[in-house]
Structures are given as structure tokens and as C-alpha cells.
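Visitor: I have a model open and would like to learn to read it. Can we go through it feature by feature?

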Amino acid sequence: MIYFIFSCLLAVSLEAQEQTIRFGSPFDFPLKLSASFGELRSGHLHGGLDIKTEGVVGKPIHCIADGFISRATVSYGGFGQAVYVTHPNGLISVYGHIQRFSPKVAKAIDDYQYENERFLADLHFEPDQFPVKKGDIIAWSGNEGYSFGPHLHMELHNSETGERIDPMPYFKDKILDTTPPRATAIYFYPQRGEGVVEGSFNTLSVPVTALQKPLSAWGKIALGISANDYMDGTHNNYGVKFVTLLLDTMKVYQSTVAAYTSLDNQMINAWTDFHEQQVNNRWVMRSHRLPGNKLSFLETKSDGYITIDEEKDYKFTYILQDGHGNKTSYRFTIHGTPCEIAPMNTQGYELLSYDRMNLLLEPGMQLVIPKGALFEDAVVQTKVWNDSAAISHTYELNKSPISLNMGCPLMIGVRNYTVADTTKYYIARVVNGKLASAGGKYENGWVKTSIRELGTYTVAIDTIPPKITPRNQKQWSTGHISFVVGDAGTGLKTYRVELDGKFELFGFNAKSAILSMKHPERLKKGVKHELKIMVEDYAGNNKEETYTL
Ligand SMILES: [Zn+2]
């Protein structure tokens with residue numbers, strides 16, 4: 001009871017805050033979104049709003065409220081460049097993928113980069129260093145880092161807890177949305193050995209256009225839904241803020257994506273149907289809680305599992321709602337149809353339990369799956385591909401991919417030493433016949449790494465250094481010097497560029513693999529220069545090229 005009162009008070013105070021705080025717009029043009037808060041992404045939830053910048057970079061970004069610039073970051077991927085503003089109300093606003101910092105912050109970053117001779121930066125500032133007022137220009141919008149089109153990625157954090165908060169309630173009046181969310185299909189998950197849908201243990205997806213016909217089911221089942229939200233005047237799709245599942249009038253499940261923690265981020269593969277996402281590229285929100293799912297914003301009755309044990313109609317309703325209150329409902333019926341449920345046949349499979357440590361062993365392979373790494377019990381089948389000339393066997397740790405909630409130590413034995421230098425050996429994941437590095441180090445006959453997914457793994461070698469390809473050399477005399485740097489094996493680990501024997505700042509963009517000189521104006525005109533570029537991959541393969549210009 002006490003908890004109930006507390007949560008009510010909390011809800012009221014948050015809502016009151018949203019109404020009293022008036023954030024300014026970051027832009028002086030109408031706001032349109034290309035992504036919403038809490039959208040489902042690979043391995044995480046989308047932490048903010050993606051605001052369109054009229055198709056171009058370089059739009060001035062205005063600070064949404066008074067405060068001070070508390071942090072600025074530079075990275076190869078992710079936000080690329082980002083600036084953080086701390087506000088007196090306990091919120092931090094974050095502006096990512098920016099093209100340029102404000103001049104004073106840019107100088108602080110530059111000084112750090114040249115002093116430390118490194119491009120990557122994560123600087124924290126004191127409140128009196130860079131105070132800002134609502135409306136001040138704090139940066140210019142861009143397309144830096146892991147961004148695929150000019151936009152501003154804006155987040156709100158709780159400065160105490162680090163929680164990500166949906167910025168939408170604060171900007172609702174600046175964004176037009178009269179379009180409700182829509183579902184594409186409803187998923188039915190009979191629980192293996194305990195329930196059937198349409199006489200089968202298999203997952204069944206039914207398009208929302210075919211929901212009039214009642215389905216038959218018996219025993220323990222669970223549901224899921226594939227849905228998106230939409231907004232006026234855009235062609236994008238967005239995450240659905242509220243999903244509710246009713247059985248008759250009883251609430252079986254509700255998700256409210258208004259705020260989340262970093263722990264929630266790790267739970268994303270438990271909330272979604274991981275197999276469906278990996279194999280068919282479809283995002284399904286499960287309306288049930290897998291045993292290992294600790295997601296904070298799910299409310300369920302009996303963890304969302306449903307037992308069909310009466311010969312009658314079970315009437316379900318899904319209600320989807322967005323942050324502006326636009327709603328869509330879907331109704332469907334399951335007819336309880338008694339039937340014999342055969343126990344699960346596990347012959348030839350290994351049973352992994354989510355609530356204990358599991359060990360997968362094959363000749364030349366060992367995988368430890370610590371307690372807490374699986375979201376639910378799993379039946380897996382390991383296959384060993386044995387090629388006598390290969391460096392190691394290849395291990396298929398289950399055909400269908402299974403997500404692991406933490407790095408699980410995997411070791412594979414080396415059978416053929418095709419090169420003597422053991423620092424060149426690494427573990428590769430085999431995806432559609434192609435190798436992708438899963439890292440790793442050689443030790444006493446084994447290559448060891450840690451993996452986050454059950455898939456197919458083998459040992460590979462990387463003896464080839466990263467490839468350096470000069471770009472647009474005609475422009476180099478103006479200081480616009482750039483290269484493409486790629487490594488097919490273990491990937492680029494470090495680089496260093498020297499101009500006339502001294503460190504020069506070059507930025508690397510992981511998305512484009514382009515390495516470029518950050519300050520073309522530093523290249524003195526009319527004199528000869530020597531440019532040296534040094535690169536190294538994760539297997540210790542080095543390369544050095546020198547150019548005169
Ligand atoms: Zn974004």
C-alpha cells in the first residue's frame with residue numbers, strides 16, 4: 001500500500017514538472033523528428049529524439065534552458081561530437097552528432113587533443129567555465145559519428161541517476177502529431193511442452209488484417225506485437241510509447257517507455273523477439289517477461305503468460321498509444337480448444353538453464369555461460385565442422401542465434417599453426433560464410449575471447465596490416481588531407497599522423513573509415529612538407545607511409 005501511494009506521488013510530481021518547465025526549442029525552425037525516444041535498436045533503446053535539420057549540417061543549436069556546459073566528447077563512432085549542458089532543475093541536455101562546438105569549448109577540446117596527442121576526448125567542465133543562457137548558440141548541428149543523415153540527437157538525463165528521460169513531454173507543443181501508432185502483426189508464443197497455438201509449438205505471427213478469424217489454443221502461451229508509431233508530415237516510423245494488452249478487461253501487460261537506465265538497455269534482447277529480429281529483421285515487443293528480463297518499465301500480471309484451460313472464447317485487446325495521446329486498438333479472440341500437449345523432445349539437444357552456470361563442451365572448444373547470461377532456458381544443438389587443414393574446427397553453437405546478457409568466455413583450440421607468430425590468431429564469427437572478428441588472444445594452444453551471442457565461431461589469423469588509401473590528393477596542398485583506412489581482419493586499433501616530424505590532429509570516422517586533418521589552416525603554404533601516417537590493427541600488424549607535399 002505504501003508503495004502504491006509513493007508511486008502515485010512520483011507520477012504526479014513528474015507530470016507537474018513537465019508542465020512547469022518550459023524548455024526552449026533547440027532550433028529556430030519547426031521541429032520534425034526522424035526518431036523518437038525508446039525506439040528499439042540493435043542492443044539498446046534509442047536514448048533521445050532525432051530532430052531533422054532540413055537536410056543540411058551547420059544549423060545553429062540553441063540551448064534549451066539556462067545552465068552550464070558540463071561535458072564535451074569526441075569519438076570515432078557513437079555521437080561523433082557531443083556537448084552536455086547541466087541545468088539547475090536536475091536535468092542534463094545532450095546534443096549529439098554535432099559538426100562544431102562553440103568557439104570556447106572547441107578551444108578547450110583542441111588544447112586537450114594537441115597536448116595529449118590524441119583525437120578521442122571526454123572533457124568535464126566546472127559550472128563557472130562555460131555558463132549558458134536559454135537560447136545561446138552552444139554548437140552547430142552535423143552528421144558526425146554513427147549518424148546516417150544530418151540531424152540533431154538530443155537526450156535528457158537525470159543528473160543524479162543517469163536515467164535517460166523522454167524529452168517529448170517537454171517539446172510536445174512544438175511537434176505536431178495527430179497520427180496514431182499502428183501494428184503490423186501479432187505474435188503467438190506457445191510455451192514448448194506446455195501449450196499449443198493452432199495445434200503447434202511453433203511461434204505464429206498473424207497480420208493485423210487477418211485477426212477476425214478466432215485462433216485455437218490450449219495450455220500456456222504468451223503474446224507479442226510488431227508495431228510502429230507515425231507522425232504528421234514525415235515518412236519515418238517511431239517507437240510506441242505505451243503498449244497495453246487486455247484479456248477481457250484485465251490488464252495482462254503494459255509497457256511505458258518514458259525513462260530507462262543503462263541496465264534496461266541490456267535487457268532489450270529479452271524484451272524483443274531476438275530470433276525474429278536477427279533472422280527476419282522484424283522488431284517484435286514481447287508482451288511477457290522472460291525469466292531473466294529485469295526491464296524496469298514493464299508491468300505484468302503473471303509475467304504476461306496466459307493459461308488457456310477452459311473451452312471458451314478468450315477476448316484480447318491490444319491498445320497502442322503515442323506520447324500525444326493518439327490511440328489504436330486491435331481485438332482478437334482465442335478459442336480454448338482442449339488438446340493433448342506432448343512433452344518437449346530434447347533428444348540430441350543440450351538444455352541450458354537461465355538460473356545457473358552452464359558449460360558447453362566439444363572437442364577443442366569450451367564456452368562458459370555464467371548465471372544471468374541467458375534470459376530464459378534454452379535448448380541448443382552444437383555442431384562441429386571438421387576440416388583437417390583448417391586452423392581450428394568451426395563450431396556452430398546453435399543454429400538460431402541466442403543473445404547473451406554478458407560476455408561469456410569462449411576458447412577454441414588451434415590445430416594447425418599456419419603462421420608461427422601466435423599474436424596473429426583471433427576468434428572470428430562466421431556470418432553467411434564471412435568472417436567477423438570476435439577478438440581474442442592466444443594462450444597455450446587456445447585462443448580465448450568473450451562472446452555476447454551464440455553463433456558460429458572459428459579461429460582465424462590476421463597477418464595483413466590496415467590498408468591506407470590517400471583521398472583527393474589534388475586538394476592536399478590546401479590542407480584538406482584525408483585517407484581511407486581499413487582493416488579486413490581484426491580492425492584498426494590505433495593511428496598516428498605526423499606533419500614534419502610532429503603530431504598533427506587527424507580525426508577518424510568509423511562510419512566512413514575516413515581519416516582527415518582537422519585543421520587544414522595549420523598547413524603552411526608555399527613550403528615543402530613531410531607527412532607520415534602510422535597504423536596498427538588488433539593483431540599488431542603495422543604499416544607506415546610517408547608522403548611529401
Ligand atoms: Zn539518435
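Guide: Let us start with a hairpin. β13 and β14 form one, with five residues between them. In that turn, G162 has a positive phi of about 75°. Keep in mind that this is a predicted model.

Visitor: Which residues of β13 and β14 stand opposite each other?

Guide: Look for bridges, then for the partners. Two bridges join β13 to β14 (residues 164-165), and the strands run antiparallel. L156 stands opposite I165 in β14.

Visitor: What other strands pair with β13?

Guide: Strand β4 (residues 49-52) pairs with β13 in the antiparallel sense, over four bridges. There, L49 stands opposite M154. Strand β8 (residues 91-96) is also antiparallel to β13, joined by six bridges. G96 has H153 as its bridge partner in β13.

Visitor: Is β13 mostly covered or mostly open?

Guide: Check burial residue by residue. Buried means under 20% relative accessible area. Strand β13 covers residues 151-158, and seven of its eight residues are buried.

Visitor: How do I read the order of strands in a sheet?

Guide: Follow the pairings from one edge to the other. One open sheet here has three strands in the order β5-β12-β9, with antiparallel pairing. β5 (60-62) and β9 (100-101) each have a single partner strand, so each has one side without a neighbour in the sheet. Now take β5 and β12 (residues 137-140): three bridges join them. P60 stands opposite W140 in β12.

Visitor: Where is there another hairpin with a positive phi?

Guide: Go to β40 and β41. Their hairpin has two residues between the strands, and D500 takes a positive phi near 50°. β40 and β41 (residues 502-503) pair over two bridges in the antiparallel sense. E498 has F503 as its bridge partner in β41.

Visitor: How many bridges join β40 to β44?

Guide: Seven, and the two strands run antiparallel. β40 spans residues 492-499, and β44 spans residues 530-537. V497 has I533 as its bridge partner in β44.

Visitor: Why look at the sign of phi at all?

Guide: Most residues other than glycine have a negative phi. A positive value is therefore worth a look in a residue that is not glycine. D303 is one case, with phi near 55°. D303 lies in the loop between β22 (298-300) and β23 (306-308). N398 is another case, with phi near 80°. Its loop runs between β31 (394-397) and β32 (402-413).

Visitor: Are D303 and N398 buried, or partly exposed?

Guide: D303 is partly exposed, with a relative accessible area of 37%. N398 counts as buried, at 10% relative accessibility.

Visitor: Now the whole chain. How many helices and strands are there?

Guide: The protein has six helices and 45 strands. Buried residues make up 48% of the 549 residues.

Visitor: How do I judge the overall shape?

Guide: Compare the radius of gyration with that of a compact globule. For 549 residues, the globule would have a value near 24 Å; the protein has 27 Å, which agrees. Along the principal axes, the C-alpha atoms fill a box of roughly 90 × 70 × 40 Å.

Visitor: What share of the contacts joins residues 24 or more positions apart?

Guide: Count contacts with a separation of 6 or more. In the protein, 66% of these link residues 24 or more positions apart.

Visitor: And the surface and charges?

Guide: The accessible surface comes to about 26400 Å², with 52% belonging to carbon and sulfur atoms. There are 55 positive and 59 negative side chains. The centres of the two sets lie 4 Å apart.

Methods: Residues numbered from 1 in each chain as written. Heavy atoms only, no water. Rg over C-alpha atoms; globule rule 2.2 N^0.38 Å. Buried < 20%, exposed > 50% of the residue type's maximum accessible area, 1.4 Å probe, protein only. Contact = heavy atoms within 4.5 Å. Areas by Shrake-Rupley, 256 points an atom, 1.4 Å probe, with all protein chains shown as cover. Lys, Arg positive; Asp, Glu negative; His and termini not counted. Charge placed at Lys NZ, Arg CZ, Asp CG, Glu CD. Pairing = 2+ DSSP bridges.
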